Amino acid sequence: MTENVDVQRLRQELSRRGRRLLRTGIPIVQCAVAAGLAWLLARHVVGHPQPFFAPIAGVIALGVSLGQRLRRAAELVVGVSVGVGVGDVLISVIGTGPWQIALVVALAMSTAVLLDAGGVIVMQAASSSVLVATLLPPATMGGLNRMVDAAIGGLVGLVVAALLPQNPLAVAHRHGRVVLGQLTDALRGISAAMASEDIEAASDVLAGARKSQRSVEELRSALTTGSEIARFAPIRWHRRADLERYQTASTPIDRALRNTRVLTRRALAALRDNEQVPRPLPGMLEELAGAVVLLRDELADGTDPVRTREAARAVARRTTVRLLSETDFSMQVVVLQTRSIAVDLLQATGLGRSEALAELPPLHPESDQR
């Protein structure tokens, strides 16, 4: 029995690592192609005998989001220039050794700082000066050649990123499923806890919901990177509309999660105070959870979230003043937060804030009629 469990765990671990390898397959291919192509161009086209910096620059240029790569390529050239210049001058005079290397690195970094350079340039100056002082002393290779190699590598990295880009939607889908799954779990969890008046279950839901913000930030980062890819990579231009739907939904989804945390906290307080739970409320929260599932599916399918809109609208229209009047303070907050979450989901489908608010029944119908 134990052996079967161990085999199953091994299979699950191998499967997890295999999926991780597949997710990182394109970046690996990008770096490999950029390194090989940069070396080929610098060695056989430009004619440099040891184009050490070309493949390194290509890989480093691919190590940041696409929209930053042009700036990174320029920083590489500047950093290499500073490091090579300081290293060539000093090593040719004082030779190589431990104190010489320490001095070269300190002076190269100090020079970059005095030039008011960014962190990338400072660190590149340091690493370039180390290479000059150890592996590539001045007699073997000109400093100008190193600068040209860095420029070649940086440009090759940009070209490879544009011609062999990642699928921006795949990353958006992966992070979107996580965030929307957390929102669904929170809404369903508190719905069940309120229906059964289970204080411990409500507390567990709140603890889980408080951990969701990191996933939201990861989704935002993924969407930023995906938008950059779709803007710069020609073969991904057709994905821009799908990514825009995710961009439209991301901020309202973040608000829905925050409002769900507030709702859960007040629901927990209401249960502890033995406040009566309005009979329709758990079902309405379950319906909102269903709307979130619809939103996940419609975003993944690349379709307008029409079904999500209808599901959220149906809940919004039932958050009436009568439902609010039947509750005590904490449960009133829960009802108000339910209204807010419905508005958030309506906005996630593409409605403007005023359009979404118009779907709510008024809380003061008598004054509205005057």
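User: At roughly what angle do the axes of helix α12 and helix α15 cross?

Analyst: This is a predicted model, in which local features need pLDDT of at least 70 and side-chain atom pairs count only at pLDDT 80 or more, while totals for chains, interfaces and linings use all residues. Residues are numbered from 1 along each chain as its sequence is written, and side-chain values use heavy atoms, with hydrogens and water left out. The axes (lines fitted to C-alpha atoms, for helices over the stretch in contact, with angles from 0 to 180 degrees between N-to-C directions) of α12, residues 281–301, and α15, residues 329–348, come within 11 Å. Because angles under 35 degrees count as roughly parallel, α12 is roughly parallel to α15, the crossing angle being roughly 20°.

User: How many residues in the contact of α12 with α15 are charged?

Analyst: The contact (heavy atoms within 4.5 Å) involves residues including Leu281, Leu288 and Leu295 of α12 and Val334, Thr338 and Leu345 of α15. With Asp, Glu, Lys and Arg counted as charged, the residues divide into 14 nonpolar, one polar and no charged.

User: Which helix gives the largest share of the largest nonpolar core?

Analyst: A nonpolar core is a set of buried Ala, Val, Leu, Ile, Met, Phe, Trp, Tyr and Cys residues joined through side-chain atoms within 4.5 Å, where buried means under 20% relative accessible area (1.4 Å probe, protein chains only). The largest has 57 residues, and Leu288 and Leu345 are among those with the most contacts inside it. Elements giving two or more residues to this core include α8, α12 and α15, but the largest share, eleven residues, comes from α11.

Methods: Helix = DSSP H or I, 4+ residues; strand = E, 2+ residues; numbered from the N terminus. Parallel < 35°, antiparallel > 145°, perpendicular 65-115°, else oblique. Buried < 20%, exposed > 50% of the residue type's maximum accessible area, 1.4 Å probe, protein only.
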